[in-house]
Amino acid sequence: MITLAVDSAGKAAGVAILKESQLLYENYLDNGLTHSQTLLPMLKSALAACSLQVADVGLMGVAAGPGSFTGLRIGMALVKGLALPQNILCAGVSTLEAMARSVYLPHGSVVICALDARRGEVYAAAFQVEGDLVRRLMPDKTGLPQQLLAPVMARCKNPVFVIGDGAEVCYNELKKIGPLTLLPERWRKGRAAGVAYAALDAWQQGKAVQAGQLTVAYHRLSQAEREREKKLKETNGL
């Protein structure tokens with residue numbers, strides 16, 4: 001089976017193709033252009049390089065959140081637009097889980113995946129590495145690093161690593177609690193291959209869905225929604 005996956009949850013865009021569990025192709029672009037400019041050409045290049053058509057794809061994976069609201073919508077729209085006409089099964093996967101699957105760490109290690117949610121907060125989750133797989137230790141959550149991750153750190157006896165564009169925020173707060181390793185910056189960002197492997201795992205567990213059932217997991221209100229909520233509270237308080 002061919003799995004085609006896209007990642008547009010962060011500043012970088014990526015596309016990956018698997019044949020069964022073999023990574024056939026992966027590209028990564030972080031040049032400052034918007035995903036609306038880069039993602040479709042990257043996907044076309046990926047298919048051409050592998051001598052494939054969209055009709056050859058059996059599963060499409062997409063990073064479904066958390067992440068950039070605009071980036072998530074672009075990736076989701078692209079996958080839906082390609083999958084619907086061909087009736088291709090899809091898997092929207094956690095951006096944080098995909099990130100955990102994007103790096104190699106020793107068996108038994110714990111990896112904290114964190115994305116910058118601004119205002120000192122992060123989107124975060126923790127996973128334990130078990131060979132080629134990862135086991136989730138906590139659900140994706142949004143909040144201050146210590147509130148979210150201190151309980152995980154307190155229970156960990158194995159080496160703990162932190163990755164993602166919110167890694168430094170977490171590291172500065174959590175290194176006071178216990179030993180923590182901040183991976184080099186070049187290894188901190190997610191990759192489309194991680195999305196592909198997470199999507200394949202979801203399909204194997206019977207969790208793939210029709211394209212129309214894909215949804216984005218924002219994990220927080222948008223700035224416009226937060227401002228509207230604030231104004232409503234102020235108005236109701238008068």
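# Exercises on a predicted model

On the side of α4 that faces away from its buried residues sit the exposed residues Gln-147, Ala-154 and Arg-155. Here, buried means under 20% relative accessible area, exposed over 50%, and partly exposed in between, using a 1.4 Å probe and protein chains only. Helices (H or I, at least four residues) and strands (E, at least two) are DSSP runs, numbered from the N terminus.

The model is predicted, with local features requiring pLDDT of at least 70 and side-chain atom pairs pLDDT 80 or more, while totals for chains, interfaces and linings use all residues. Residues are numbered from 1 along each chain as its sequence is written, and side-chain values use heavy atoms, with hydrogens and water left out.

## Exercise 1: The other side of α4

Find the buried residues of helix α4 and work out how they are arranged around its axis.

*Step 1.* Within residues 145-155, the buried ones are Pro-145, Leu-148, Leu-149, Val-152 and Met-153.

*Step 2.* Looking down the axis, these buried residues fall within an arc of 110°, so they line one face of α4. The arc is taken from the directions that run from the helix axis to the C-beta atoms.

*Step 3.* A general rule helps here: an α-helix has 3.6 residues a turn, so residues three or four places apart point the same way.

*Step 4.* Now look at the partners: the buried residues of α4 pack against β6 (110-118), β7 (121-130), β9 (141-143), β10 (160-163) and α5 (167-174). Contact means heavy atoms within 4.5 Å.

*Step 5.* One more neighbour to look up is Ile-177, in the loop between α5 and β11 (181-182). Ile-177 is partly exposed, at 37% relative accessibility, and it contacts Gln-146, Ala-150 and Met-153, leaving aside neighbours within four places in sequence. Ile-177 and Ala-150 are 27 residues apart in sequence, with their C-alpha atoms 7.2 Å apart.

## Exercise 2: The largest nonpolar core

Which residues of the largest nonpolar core touch the most other members?

*Step 1.* Start with the term: a nonpolar core is a set of buried Ala, Val, Leu, Ile, Met, Phe, Trp, Tyr and Cys residues joined through side-chain atoms within 4.5 Å.

*Step 2.* The largest such core has 26 residues, and Leu-4, Val-15, Ile-17, Leu-43 and Met-60 touch the most other members.

*Step 3.* Two or more residues of this core come from each of β1 (2-7), β2 (13-19), α1 (35-49), β4 (59-65) and α2 (69-86).

*Step 4.* Apart from this core lies another, of 19 residues, including Ala-5, Ala-9, Leu-18 and Ala-91.

*Step 5.* Zoom in on Met-60: beyond four places in sequence, Met-60 contacts Leu-4, Val-79, Leu-82, Ala-83, Ile-88, Leu-89, Cys-90 and Ala-91.

## Exercise 3: The second largest pocket

Describe the lining of the second largest pocket by position, element and class.

*Step 1.* On a 1 Å grid over the protein atoms alone, a pocket is an open set of points where a 1.4 Å probe fits, with protein on both sides within 12 Å along at least five of seven lines; lining residues have an atom within 4 Å of a point.

*Step 2.* Eighteen residues line this pocket, and Arg-101, Gly-131, Asp-132, Leu-133 and Tyr-197 lie nearest its centre.

*Step 3.* At least two lining residues come from each of β8 (133-136) and α6 (192-204), with α6 giving the largest share, five residues.

*Step 4.* By class, the lining holds 10 nonpolar, four polar and four charged residues. Ala, Val, Leu, Ile, Met, Phe, Trp, Tyr, Cys and Pro count as nonpolar, Asp, Glu, Lys and Arg as charged, and the others, Gly among them, as polar.

## Exercise 4: Backbone oddities

Check the backbone at Pro-66, Glu-20 and Arg-118.

*Step 1.* For background, most residues other than glycine have a negative phi, and most peptide bonds are trans.

*Step 2.* Gly-65 and Pro-66 are joined by a cis peptide bond, with omega about 5°. Pro-66 sits in the loop between β4 and α2.

*Step 3.* Glu-20 has a positive phi of about 55°. Its place is the loop between β2 and β3 (22-29), and Glu-20 is partly exposed at 49% relative accessible area.

*Step 4.* Arg-118 also has a positive phi, about 70°, but belongs to strand β6. Arg-118 is exposed, with 64% relative accessible area.
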